[in-house]
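The exercises below ask for careful reading of a structure, and each task is followed by a solution that goes step by step.

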Amino acid sequence: MSGIKGKILRFVISFAAIGLIIYFMRGKIHEAVAILRHEVVWGWFVAVIVGYFIGLAIIAVRLQCVFRVQDIRMTFHECYHLGFVGLFYNLMLPSAVGGDVAKVVYAYKHSGKKIESATSVFLDRLLGFLATILMAVIGLMYFSKEAQNGYINYSVYGALAVIVFVGAFFASRRFARLFKGLVHFLPGKKWKLQLAEVYHAIYGYRHHQGPVLVAILLSFAGQAVFITTNYWLALSIGANVGFWKFFILIPVISIVSMAPSIGGLGVREASMLYLFSRYLRPERALAFTLLMDILLYAFSIGSGIWYAFRGGLKEKVLEDEEIMSSSKE
């Protein structure tokens, strides 16, 4: 029942956010659509698409590197394919981790290693989050005078505190033991054993510092590419926002998009409008937000079409994805 309540909550938050956007921007929607129809420089948009493919390629190499530590041997092509599978399920499943669940299922079917697949995908997500947060912190320090905004500060430094806590928890057994009492709240011995397996699998990465360091560097490279594509997307509609400001704003939007919602729908757009309206006229900020959605959903739907042609939308596969997604909630 809790899973159903969680889904209802995400739907309510997403559609409530969309409703508020439509209400507050109702006088600007026509102007934003006119910008998209007449002012978009499609050369920049094509550059964004190419950049997105490059960014996904870098993330695929990172995932391959993380898998290798757990002796999960997947080719670059397979990991690249997993990136597109993740995009599709982030759109299809009403869950913040839908894409990650899909990656775990496919890695498990490929390797037969359930815990190792789950921990690898979790660490891959964690490293991407780490790079995003550190970029935001550096950017916030660089633009400390221009970014005097409580919303931005709380988001960035709050996320930094979370990442530091998680890093310390999995890097130090002594620190983790301080929270040992919390395992008593887990339902049943099976959950406790699985949690212990996950912890030890992630803790084991500290003995593979070389691959982890490479994965961290790839995370920075991949995030830098994705942030740059957002800057190019802004240029495509004539939005004059400083390049380095995107290294603060886009990570903050990524953090907010993790809030309970349908794959970030609604909360992502609301945060984009709120932040970019400080630097752009409302109608242009709305046009930028809509263009970003066009890009994201085009990639997600395109990934789904490719996925379907590869036989991924079989009933048994979808059942596996849904079962694992429900177990994560």
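**Exercise 1. Classify R125 and its partner D100 by accessibility, and describe the salt bridge between them.**

Step 1. In this predicted model, R125 has a relative accessibility of 31%, and because this value lies between the 20% and 50% cut-offs, R125 counts as partly exposed.

Step 2. D100 has a relative accessible area of 13%, so D100 is buried.

Step 3. The closest N and O atoms of the salt bridge between D100 and R125 are 3.1 Å apart, and the side chains of the two residues also make a polar contact at 3.1 Å.

Step 4. D100 lies in helix α5, which covers residues 98-111, while R125 belongs to helix α6 (residues 114-142), so that the pair, 25 residues apart, links distant parts of the chain.

Step 5. When residues up to four places away in sequence are left out, D100 touches V121 and R125.

**Exercise 2. Determine whether D293 and R268 are buried or exposed, and state which helices their salt bridge links.**

Step 1. The salt bridge between D293 and R268 has its closest N and O atoms 3.6 Å apart.

Step 2. This pair also links distant parts of the chain, with D293 in helix α13 (residues 282-309) and R268 in helix α12 (residues 267-276), 25 residues apart.

Step 3. D293 has 14% relative accessibility and therefore counts as buried, and R268, at 10%, likewise counts as buried.

Step 4. Elsewhere, salt bridges that share partners join K28, R281 and E283 into one network.

Step 5. The whole structure holds nine salt bridges.

**Exercise 3. Check the length of helix α3 against its expected span, and describe what follows just after this helix.**

Step 1. Helix α3 runs over residues 42-69, and its 28 residues, at 1.5 Å a residue, should span 40 Å.

Step 2. The expected span is 1.5 Å times one less than the number of residues, and the end C-alpha atoms of α3 are 42 Å apart, which agrees with the expectation.

Step 3. Just after α3, D71 takes a positive phi of about 60°.

Step 4. D71 forms a salt bridge with R73, with the closest N and O atoms 3.2 Å apart.

Step 5. D71 counts as partly exposed because its relative accessibility is 44%, whereas R73, at 51%, counts as exposed.

**Exercise 4. Which residues touch the most other members of the largest nonpolar core, and which helix gives the most to this core?**

Step 1. The largest nonpolar core has 80 residues, and among these F67 and F276 touch the most other members.

Step 2. Helix α3 gives the most to this core, with eleven residues.

Step 3. Setting aside residues up to four places away in sequence, F67 touches I72, M74, C79, L82, A107, S117, S120 and V121.

Step 4. A second, separate core has five residues, including V85, Y89, A102 and Y307.

Step 5. C79, one of the residues that F67 touches, is buried, with a relative accessible area of 1%, and C65 is buried as well, with a relative accessible area of 9%.

Step 6. A search for disulfides across the whole structure finds zero.

**Exercise 5. Compare the surroundings of F226 and Q223 in helix α10.**

Step 1. Helix α10 covers residues 209-236 and holds F226, and Q223 is found in helix α10 too.

Step 2. F226 counts as buried because its relative accessibility is 15%, and Q223, at 16% relative accessibility, also counts as buried.

Step 3. An α-helix has 3.6 residues a turn, so residues three or four places apart point the same way.

Step 4. The contacts must nevertheless be listed residue by residue. Apart from residues up to four places away in sequence, F226 touches Y52, G55, L56 and I59.

Step 5. With neighbours within four places in sequence left aside, Q223 is in contact with G128, A131, T132 and M135.

Step 6. For one of the partners of F226, Y52, the separation in sequence is 174 residues, while the C-alpha to C-alpha distance in space is 6.4 Å.

Methods
Residues numbered from 1 in each chain as written. Predicted model: local features only at pLDDT ≥ 70, side-chain atom pairs only at ≥ 80, totals over all residues. Heavy atoms only, no water. Helix = DSSP H or I, 4+ residues; strand = E, 2+ residues; numbered from the N terminus. Buried < 20%, exposed > 50% of the residue type's maximum accessible area, 1.4 Å probe, protein only. Contact = heavy atoms within 4.5 Å. Core = buried A, V, L, I, M, F, W, Y, C linked by side-chain atoms within 4.5 Å. Polar contact = N/O pair within 3.5 Å; in protein donor to acceptor, adjacent residues only side chain to side chain. Disulfide = S-S within 2.5 Å. Salt bridge = Lys/Arg side-chain N within 4 Å of Asp/Glu carboxyl O.
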